[in-house]
Amino acid sequence: PTETPDTQHSPDATPAAGLPPGELIRLEQVTKRFGDNTVLDHLDFSVDAGKHVTLIGPSGSGKTTILRLLMTLTKPDEGRITVDGQQLFPATEKEVREVRKKIGMVFQQFNLFPNMTVLRNIMEAPVTVLGLPKDEAEARARELLEMVGLADKCDARPTRLSGGQQQRVAIARALAMRPQVLLLDEVTSALDPELVAGVLDLLRDIARSTDITMLCVTHEMSFARDISDQVLMFDEGRVIEAGSPEKIFNDPENDRTREFLSAVL
Ligand code: ADP
């Protein structure tokens with residue numbers, strides 16, 4: 001049978017030809033350069049729906065660039081990226097919008113809208129992007145604020161909150177879109193040390209209690225060990241070792257993985 005283009009956007013769409021069922025994200029031979037700097041070098045990996053994959057490795061090894069590519073915030077120079085059966089680069093604007101609806105991202109620096117209340121921050125995209133009626137978006141936002149422990153902060157401006165609270169709002173804001181994938185980019189790196197554990201505990205809960213697919217860049221190795229189905233160790237734009245957290249943290253095979261872990265653990 002011939003495939004019609006819009007079937008791939010329905011929740012039960014069949015995967016694109018050649019993709020194994022259950023596979024949500026695939027990078028094939030992805031290369032990204034900034035000038036002479038090859039940041040990702042013919043990178044291949046895939047993530048199955050519902051899995052939690054952690055990207056570790058030295059600073060500058062290309063981890064954040066992968067999340068930015070998936071968010072279509074930057075373009076690869078070569079290779080193919082597929083999300084839920086939809087190829088990115090090239091894709092039409094409509095196709096890109098559809099893919100972005102499936103992906104939520106939480107950044108190191110929260111990036112909340114400073115001129116909106118906490119509640120409005122969470123309601124904004126469901127209303128403007130998904131077209132959700134305001135009362136539904138508000139109910140959803142209040143439920144999420146409850147979940148992240150900030151029900152009493154709905155009328156506050158983000159700047160009045162601690163970094164940890166702002167990051168909880170950013171997590172709630174990402175989840176309000178009911179994304180299939182949550183991208184987490186060093187979400188605790190900008191926090192005061194005493195606020196880190198609370199945010200990581202919240203993410204552990206989300207990992208345990210939802211079927212959301214997670215792709216996390218983190219320097220928090222005990223968090224990575226707890227939540228990951230798979231850990232990818234990056235160095236110089238390549239995955240140099242991949243495996244279960246037990247394997248990577250207890251019995252790494254690559255010398256550079258061992259060096260990296262002994263420096264951070
Ligand atoms: P990581 O997340 O592993 O620390 P990044 O993906 O942030 O690594 O960065 C990988 C490399 O790409 C670094 O050398 C960084 O300086 C470079 N880089 C990232 N973004 C840009 C940009 N917009 N312009 C130029 N170089 C960039």
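The protein has nine helices and 10 strands. The model is predicted. A ligand is present, with 11 named neighbours listed below by residue: Phe34, Asn37, Val39, Ser59, Gly60, Ser61, Gly62, Lys63, Thr64, Thr65 and Val217.**Overall fold**

- The protein has 265 residues and a radius of gyration of 19 Å, which agrees with the value near 18 Å expected for a compact globule of that length.
- Its C-alpha trace spans about 55 × 50 × 35 Å along the principal axes.
- Of the 265 residues, 37% count as buried.
- Contacts with a separation of 6 or more are counted here, and 64% of them join residues 24 or more positions apart.

**Ligand shell**

- Strand S2 (37-48) and helix H1 (63-70) are the elements that give two or more residues to the shell around the ligand.
- H1 supplies the largest share, three residues.
- By residue class, the shell divides into three nonpolar, seven polar and one charged.
- Lys63, Thr64 and Thr65 are among the residues that surround the ligand.
- Phe34 and Val217 also belong to the ligand's surroundings.

**Gly60, a shell residue**

- Gly60 is one of the residues around the ligand.
- Gly60 sits in the loop between strand S3 (52-56) and H1.
- Is Gly60 buried, exposed or partly exposed? Gly60 is partly exposed, because 14 other C-beta atoms lie within 10 Å. A residue needs 20 or more to be buried, and 12 or fewer to be exposed.
- Gly60 and Leu70 are 10 residues apart along the chain, and their C-alpha atoms are separated by 18 Å.

**Helix H3 and its packing**

- Helix H3 covers residues 118-128.
- Its buried residues are Val118, Leu119, Asn121, Ile122, Met123 and Pro126.
- An α-helix has 3.6 residues a turn, so residues three or four places apart point the same way.
- Which helices do the buried residues of H3 pack against? They pack against helix H4 (134-147) and helix H5 (163-175).

**Annotated domain**

- UniProt, in an unreviewed entry, places the feature "domain: ABC transporter" at residues 25-261.
- Residues 25-261 are 39% helix and 26% strand.
- The end C-alpha atoms of this span lie 27 Å apart.

Terms used. Residues numbered from 1 in each chain as written. Predicted model: local features only at pLDDT ≥ 70, side-chain atom pairs only at ≥ 80, totals over all residues. Near = placed C-beta within 6 Å. Helix = DSSP H or I, 4+ residues; strand = E, 2+ residues; numbered from the N terminus. Nonpolar A, V, L, I, M, F, W, Y, C, P; charged D, E, K, R; others polar. Rg over C-alpha atoms; globule rule 2.2 N^0.38 Å. Contact = placed C-beta atoms within 7 Å. UniProt positions renumbered as here; feature names shortened; annotations may be inferred.
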